[in-house]
Amino acid sequence: MKKILIVDDEKMIRWTLSQALKSWGYMPIEIATISDALETYANEMPQAVLLDIDLPDGSGLDLLRDIKREHPEAIVIMITGNVRVETTISALRGGAYDFISKPVHLEELKVSIRNALEAHELRQEVKQIRRERSSKFSFDQIIGDSPKMLQMLSLAKKVAESEVGSVLLQGESGTGKDLVAKAIHYTSRRADKPFVAINCAAIPSNLVESELFGYERGAFTDAKSRKEGLFEQAEGGTLLLDEIGEMELGLQAKLLRVLEEGVFRRVGGLKDIPLDVRVIAASNRDLKSESMEGRFRLDLYYRLSVIQIDIPPLRERDDDVLLLAKYYLETLGERVRPTKKFQGFSPEVIQIFRQYEWAGNVRELRNVVERCLILEDENTITTNYLPHNLLTPPGRSFVENTHDEDKEFSLTLPKDGISLEEVEDSLVHQAIEQCHGNQTHAARLLGITRDQLRYRLKKLPV
Ligand SMILES: Nc1ncnc2c1ncn2[C@@H]1O[C@H](COP(=O)(O)OP(=O)(O)O)[C@@H](O)[C@H]1O
Ligand SMILES: [Mg+2]
């Protein structure tokens, strides 16, 4: 039963209130003086307090402040015959939930208590959810011990603690950009405000603007009523602009203005609306070279890159790949194969994991481990069910030391010769396959430019 503390020096009033509270299903606790109110509060931890202002041994306003100082969550409803405006104001400033004048109208009190308790419960629930969420998206959830990751994480943590208004997050697909963006938001002082994300590549470019800024009624034919944009929805929080490299140049100019001036306009609107939103722009392309080639606005790039966080690709993270593999073995194992407990990975798998290029980064690793967890018959993860492309990396059969750039590799020419053109075509093909169609990456593997690769792809027999 919910306890409600009544602090009033008039016995008659305490009695009346007690009777009423009981009939509404609460458990009243009565006290007449300020002196032991704090202690009683701490002992009983009531859900709410009904507090008189004029008490024989002091002012209820002082008690209100003391209670709120020690229990900021406390719900205090002031009850008084003294209805001067200053008193009311100072009670509300002191954190009183409501203010009820004597003689107490019981229905009014009933509603006030009910509202207060409901609001309180809701707040507690929201807090609980946020607590769960912020532990789910904290930096602790980001696995990695390699120097490059530690350096990246230390920068990201500094950003989270700071008030910096915009950040550029760069990393190949699957390196953890989403994860880092959420960790920044949920460990920043913005954590209890919204985290909103938009993928600029997933929305037709002509709609991105109204998604971001909202629109006024009549801004265009379909605009029947005003619509809030994501900038407004994220007020006080963080807005993730994913794949910002895909944003139209015209809209990039508008975004730059918003970042510089801290105000925006709805589509079709005339009024500048101030905003308090941290923008995290994410890209899997190198925006600097994109802007050098005219595909991204240089001025926006400079603005965003004041604070730039680069997430290293998995192949540059030393043994993080093994750490992550183990992490997924444990966390996914329980979910996808609860009946089986795997011991670990076979030495051969470990060797392959270390050498593989991981073009899809952590996302690819996670999928590979998940697949093995589902299919493996042994008690350790073996090569039995590794996807084909991990087992036969390109050139492995005849190219040695592919991962040691200092050493020269050697090819053995078969006795009866081989067609050079076919070898080249096959290597191009394998590179594209290994990089899941990512041409920039494939070109790098082959040591040629992207244009050269494109040219070769064109003349590749199909
Ligand atoms: N360092 C990491 N530790 C744990 N999980 C990670 C890490 N990096 C990425 N992941 C996981 O890999 C997947 C892809 O990450 P995501 O943040 O969506 O990548 P991106 O946005 O860069 O494409 C997600 O399931 C994410 O939880
Ligand atoms: Mg992403």
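## Domain arrangement

In this predicted model, the C-alpha centres of domain 1 and domain 2 lie 45 Å apart. The domain assignment divides the chain into three parts, with domain 1 covering residues 3-129, domain 2 covering 145-312 and domain 3 covering 316-455.

## Helix α5

Helix α5 takes in residues 106-136, 31 residues in number, and reaches 45 Å from its first C-alpha to its last. That span is close to the 45 Å expected for the helix at 1.5 Å a residue. Of the 31 residues of α5, the number that count as buried is 2, and the helix therefore lies largely in the open.

## Strand β8 and its partners

The setting of strand β8, which is formed by residues 166-170, can be read from its burial: 5 of its 5 residues are buried, so the strand is largely enclosed by the rest of the structure. This cover extends to both faces of β8, since Ser-166, Leu-168 and Gln-170 are buried on one side, while Val-167 and Leu-169 are buried on the other.

Two strands pair with β8, and both pairings can be followed through Leu-169. With strand β15 (residues 278-283), β8 pairs in the parallel sense over 5 bridges, and in this pairing Leu-169 stands opposite Ala-282. With strand β16 (residues 308-310), the pairing of β8 is again in the parallel sense, over 3 bridges, and here the bridge partner of Leu-169 is Ile-309.

## Helix packing

Two packed helices are described by the angle between their axes and the distance between the axes. For helix α6 (residues 147-161) and helix α7 (residues 177-187), the axes come within 8 Å and cross at roughly 40°. Because angles under 35 degrees would count as roughly parallel and those of 65 to 115 as roughly perpendicular, α6 is classed as oblique to α7. The crossing of these two helices, α6 and α7, is right-handed.

A further packed pair is made by helix α13 (residues 320-336) and helix α14 (residues 347-355), whose axes are 9 Å apart and which pack at an angle of about 125°. This angle lies outside the range of 65 to 115 degrees that counts as roughly perpendicular and is not over 145, the cut-off for roughly antiparallel, and α13 and α14 are therefore oblique to each other. The crossing of α13 and α14 is, like that of α6 and α7, right-handed.

How values were computed: Residues are numbered from 1 along each chain as its sequence is written. Chains are lettered from A and ligands numbered from 1 in the order in which they are written. This is a predicted model: local features need pLDDT of at least 70, side-chain atom pairs count only at pLDDT 80 or more; totals for chains, interfaces and linings use all residues. Helices (H or I, at least four residues) and strands (E, at least two) are DSSP runs, numbered from the N terminus. The expected span of a helix is 1.5 Å times one less than its number of residues. A residue is buried if 20 or more other C-beta atoms lie within 10 Å of its own, exposed if 12 or fewer, and partly exposed in between; C-beta atoms are placed from the backbone. Domain bounds come from an automatic or database domain assignment. Two strands pair if DSSP finds at least two bridges between them. Axes are lines fitted to C-alpha atoms, for helices over the stretch in contact, and angles run from 0 to 180 degrees between N-to-C directions. A crossing is left-handed if the near helix is turned anticlockwise from the far one by less than a right angle, and right-handed if clockwise.
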